[in-house]
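Morning, everyone. I have one complex to go through today, and I will keep to the fold of one chain and the contact between the two. Please have the sequence and the structure open.

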Amino acid sequence: MSELSILGQRRPKVNSWAHLTGEARYADDLFLPRMLYGRLLRSTRAHARIRRIDVSRAAAHPGVVAVVTGADMPAKMGIMPSTQDETALAVDKVRYVGEPVAAVAALDEDTAYDALSLIEVVYEDLDPIFTIEEALEREDVKIHEEARRANVFKEVHLSFGDLDAGYAAADHVRDDWFFFEGNTHAPMESHSAVAQYGADDKLTLWTSTQVPHYLHRELEKVLGLPRSRIRVIATPNGGAFGGKSDPFGHEFAAALLALRTRRPVKITLDREEVFYAHRGRHPVKMRIRTGTKRDGEITAVHYQSWLDGGAYASYGIATTYYTGALLTVTYRIPAYKFDGVRVYTNKPPCGPKRGHGTTQPRYGFECQLDKIAEDLGLDPLEYRKRILQPANSRTVNDLRITSMGLGECLDALGRATRFSDRRGQLGRGKGIGIAGSAYISGAGLPIYWNEMPHSGAEIRIDRGGGVTVMCGTAEIGQGSDNVLASVAAETLGIMPSDVHVVSGDTSLAPVDLGSYSSRVTFMAGNAVKDAATKLRSRLLAVAAERLEVPADRLLSAYRRIYDRADPEKFLPFADAAVLAESKDGPLVAAGSYTPPKGIGGTFKGAGVGPTPAYSYQAAVAEVSVDLETGTVTVDKITTAHDCGRALNPANVEGQVEGAAYMGYGEIIGEEQVFRGGLHKKPSLLDYKIPTSLDTPALEVIVVESVDAEGPFGAKEAGEGPLNPVIPAIANAVYDAIRVRFDETPITAEKVLDALGKRDNRGIAKSRIGPEGLGDGKADPKRALRRLGASTDARERKRTS
Amino acid sequence: MLRLPRFRVLSPRTYREAATLLREHGAAELDRARGTPTLRVMLVAGGTDLFPNMKRRQFAPELLVSLAGVRDAAGIHENGRLEISAGTTLTAVAADARVRERYTALAQAAEVVSTPQLRNMGTIGGNVCLDTRCNWYDQSLFWRTAEGFCMKTNPEVVCRVATSSPLCLAVASADTVPALLVLGATVHLEDADGGREVALADLYREDGIRAWALRQDEVLTDVTVPRADGWRSTYLKLRDRGSFDFPIAAVAAAVRHDGTRVAEARVAITALGSRPVLVAPAGAALVGTNLEDDAIAAAADAVHRAARPMDNTSGTISQRKRAARVFTERALRALRANLQP
């Protein structure tokens, strides 16, 4: 490859200034003439039948313009076509506290708020289910009638290689249980949507979404309006992290209210509602049984997971498969069995959060590898290096591996942190830990079956040399607009500032499946490169003619097309554009990207896991544990990440740092937990997302394996780097206090418990974690009994 | 976002006027027409606690009497004793060189309240009068409706933390209070007819609802700390994060030496019950000692006994009770170390 003029340099993102100055227009910044304000009435019950909804008083309230309920939009919807079990607003039943039931549009927000209290809903309570164990057992209570076995949403079993032979050949077998607590995305911007239904009978929805194309499809289905009359515009997302990749009730409600009133309607969720919209990390119970030879070589792995899915499907079927799919891509595993079960519970639906479904098993597996290394007397870093899955190989579950930089990541970390010298040497209360991981650069399959490209892009060059790139990606703060502009600029030989990006608009831009599964740089990047390459050859053809130089001797950079043998012989880019348009008409080209065939297996369930390229990463965490208060402080996290090629190192480092921060928060204290059916901490004061003062020192090492199929060699950098941080911290805590944390988060209480200092009457433990399924720690009915006692006492007081 | 309920604001120029307005508008009267009964008229200074609570409809007063326009409501004066006007911001208290040097615990406490933005708005008077907190209470109207309310917002309901408790168990959560307690602070209260001085220790009650021995028509105007000759003090706070969070256990300690012996000592705690407590036995255990380890241990034991956390904040009961002991030891050891030349 020739020298790069734009890519590989540290550059501010094309939209940095708009975001920094507040000029970027988020959905809630939109104010349209005659706009109404909407609010959702939410369920106060965890599980209940809706006997009656009376909206008449609300509808008659001065200032209220329209009220809609679930009955107005009864069509089933959901992000995965095979498991659509949601409605825009609850129809006959509510399944979690906070589920949207009705929506009001009024002249102002206060009126809409007041009107909600005038809607009368009569509920008939049903037994709620809050735990995995109870969901597996209770045949008498069905959160969804369709569930065949108790409240099981999905059960999958996959087996590869000869598991029995693997265990038979093992010298050492470890069998460990883990639990990963649920947590949520907590983006800075709460969800917001503005809908407008025009005199042309067309609906426009501006919304903070990661998936404008999928939402477009669902709007058609639910509203009964042909897609040709719907336009979805993904506004810049103020953070999303997977939490804005489902179709949401407020989006349909805003659209329907706009249809009914023929006035623009805005619905912006408040912070508490964002906790109910959720779709965050699944709580997962896991059992991992791993056989190894004396030298640590893995002979067999049996991985089982039980996912607490909450009330609806969301991406759950993919999440379930993801918990088992990617364990095989980092280290050699010759025999592998995966059993996964996802259950329904009466809590806000879980879904994809950064690392989607792979974060929990990666935590369990990397903690177990640390134990195996210790059992066998191996250095955890050297051990991982010795068992690496090779580049350009296939895993036991038939996943194609291409570029693979995990070994380089581990080497780089060893040098940067002196891990092997320092492990076990830092003194009691101080520790260092390591873990590796991998992630996909975009899912190999779309969520609905089709033969079309995963990403399309269109590029237009104007007569002044300006370039417009159109692509259906959503800018969610990750820098996708900048990637599109930079790839186009590099290919055409101009500057990113010459490029105008139109993204996330279903009417103006070709379909890109969306900003999820870390697919944008790889897939949209390739699509833009494809389109730009077509235009480039037209420009080079006319330049060759004008400069009288063969086209293959021409290069383009810095707005010039020049002779590589004599760079002073050049044609300005804008002149080339004029010549090309004069010759063959407007300079417009479309490009696309479709992942290659044969990157995964053909068995049922093989659709989840394949990707055109895996990113690899490893992290070292350094911690201090206060032995008297139990407080864990993470002093430093060093992450090495193989992103193929860093198209913009500053942006890659930002993503890796952000991921390290998020992973740190997940293990140190963030938890989406409930008291009965009620979220225990639905605010940013109570949900302990770390502040800048808490955040450890973060160091990033970029490893470049230059992937053969990635755009200019690039792979993903957005999600994978979260994964190793969590087990690295757990392993570091072990190094500090010799206690295994086989469950998250690691709280001060749990540390004190392990140290035998819980209120001065405990006994020291070497491990904190589950003993199995239904081990009594999570008594399913405890919360309910407590709630019942409290309600009974209330009644006694009332009647006495 | 959550919206404020509708209300009127009056902005008097003097404390006397503010107190008169409180009385005229029926300061102690409850408004039962708004879902949960709340006071009809309330005072607002910085608003950093009041407005979020109003957004969540923990109360929805018809009328707010704002202290923002009161003349000379802010300022710190040292003439023999330290006089802090109630409207002084927490930022100003934390930054004041005299406070930092001679009333250290207070500066340290003011400095760790919430976030810089909130310290710029929040006042010392507001912090002293901070509403008690509970994770059954500090929730939105929606949440509390779904949960069925609690004693503090609905008199027909029991305390949800301990259903047999006759009293609300919401938690005293003001950082500056234990610091002011160990410094021996008094407060000045003004009403329409005159004023009175109250020892800060007497301002609080063991009751999460009626947490202050303060009439609804009184205005807290000044905080006064006696001359700090020879006193050294410090404040330690347990919270989940380095910013933003209320204390879930906190200890302030002050000692005055006479030669090598402790002549006077005070230890106070907060966030470990409904009332901030000056732990007298802890102070007594230190007098006459040279802060030897066993003296410190005795004081820490006394604090541990006085700490009665419930399961209604972040963290856990045992973690917070333990922190009370550990922080007492650390605070006293810090004061001992300070003594070394």
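In this predicted model, chain B is built from 12 helices and 14 strands. Its radius of gyration is 20 Å, close to the 20 Å that the globule rule gives for 341 residues, so chain B is as compact as a globular protein of that length. For the extents, the C-alpha trace of chain B spans about 60 × 45 × 35 Å along its principal axes.

On packing, 56% of the 341 residues of chain B count as buried. Take the contacts in chain B with a separation of 6 or more: residues 24 or more positions apart account for 65% of them.

A word on confidence. The average pLDDT of chain B is 95, and 98% of the residues score at least 70. Where pLDDT is low, the predicted coordinates should not be read in detail. For the complex, the predictor gives an ipTM of 0.96 and a pTM of 0.96.

Now the interface. How many residues of each chain are in contact with the other? On chain A there are 34, and they meet 29 residues of chain B. Three helices of chain A, namely helix 3 (109-116), helix 19 (748-754) and helix 20 (782-799), each supply at least two residues of the side that touches chain B. Helix 20 of chain A gives the largest share of that side, seven residues. By residue class, the side of chain A that touches chain B divides into 16 charged, 11 nonpolar and seven polar residues.

That is what I had for today.

How values were computed:
Residues numbered from 1 in each chain as written. Chains lettered and ligands numbered in written order. Predicted model: local features only at pLDDT ≥ 70, side-chain atom pairs only at ≥ 80, totals over all residues. Helix = DSSP H or I, 4+ residues; strand = E, 2+ residues; numbered from the N terminus. Rg over C-alpha atoms; globule rule 2.2 N^0.38 Å. Buried ≥ 20, exposed ≤ 12 C-beta atoms within 10 Å, placed from the backbone. Contact = placed C-beta atoms within 7 Å. pLDDT = per-residue confidence, 0-100. Nonpolar A, V, L, I, M, F, W, Y, C, P; charged D, E, K, R; others polar.
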